[in-house]
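Opening my notebook on a structure I haven't looked at before. Today I want to look up charged side chains and see who pairs with whom.

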Amino acid sequence: MEEITLQVERCEDSGWLVATWDAPEGGGIATQGRDLRELQEQVQDAVRCYFDPGSAPRRVRLHFVSDPVLIEA
């Protein structure tokens with residue numbers, strides 16, 4: 001597999017970022033982080049755990065369902 005794209009949304013209840021990917025054959029990945037840095041770390045870990053060694057995608061993209069707000073004024 002060359003690439004996967006995880007959908008990222010902010011959980012309204014907790015405020016955390018939640019990333020999900022549905023595998024074509026069923027199952028998939030779901031993880032979360034308090035901020036973008038933590039989410040990226042969690043996604044990397046989840047991808048390593050989900051795929052067998054040597055079969056992980058070369059690229060992992062994050063698609064934000066809505067534009068993230070980095071600073072609220």
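**Entry 1: a pair within the helix.** I started with Glu41 and Arg37, whose side chains form a salt bridge with N and O 3.1 Å apart. I should jot down that I'm working from a predicted model. Why are these two about one helical turn apart? Because Glu41 and Arg37 sit four residues apart in helix α1. I looked up accessibility next. Arg37 comes out exposed, at 52% relative accessible area. The cut-off for exposed is over 50%, so Glu41, at 41%, is listed as partly exposed.

**Entry 2: Glu38.** Still in helix α1, which runs over residues 36–50, I moved to Glu38. Buried or exposed? Glu38 is buried, because its relative accessible area is 13% and buried means under 20%. I then checked what Glu38 pairs with. Its salt-bridge partner is Arg34, with the closest N and O atoms 2.8 Å apart. The two side chains also show up as a polar contact of 2.8 Å. Arg34 is exposed, with 53% relative accessible area, so I have a buried Glu38 paired with an exposed Arg34.

What else does Glu38 touch, if I leave out residues up to four places away in sequence? I found Trp16 and Gly33.

**Entry 3: a pair from further apart.** How many salt bridges does the model have by the rule used here? The count is six. One of them joins the side chains of Arg58 and Glu2, at 3.2 Å from N to O. I looked up where each partner sits. Arg58 is in the loop between α1 and β4 (59–64), while Glu2 is in the segment before β1 (3–10), so this pair ties together parts 56 residues apart in sequence. On accessibility, Arg58 is exposed at 67%. Glu2 is partly exposed at 41%.

**Entry 4: the network.** Last lookup: which residues are linked with Arg58 and Glu2 in a network of salt bridges? I wrote down Glu3, Arg59 and Arg61.

**Recap for myself.** I have the Glu41 and Arg37 pair in helix α1, the buried Glu38 with its Arg34 partner, and the Arg58 and Glu2 pair that ties together parts 56 residues apart in sequence.

Definitions and conventions:
Residues numbered from 1 in each chain as written. Predicted model: local features only at pLDDT ≥ 70, side-chain atom pairs only at ≥ 80, totals over all residues. Heavy atoms only, no water. Buried < 20%, exposed > 50% of the residue type's maximum accessible area, 1.4 Å probe, protein only. Polar contact = N/O pair within 3.5 Å; in protein donor to acceptor, adjacent residues only side chain to side chain. Contact = heavy atoms within 4.5 Å. Salt bridge = Lys/Arg side-chain N within 4 Å of Asp/Glu carboxyl O.
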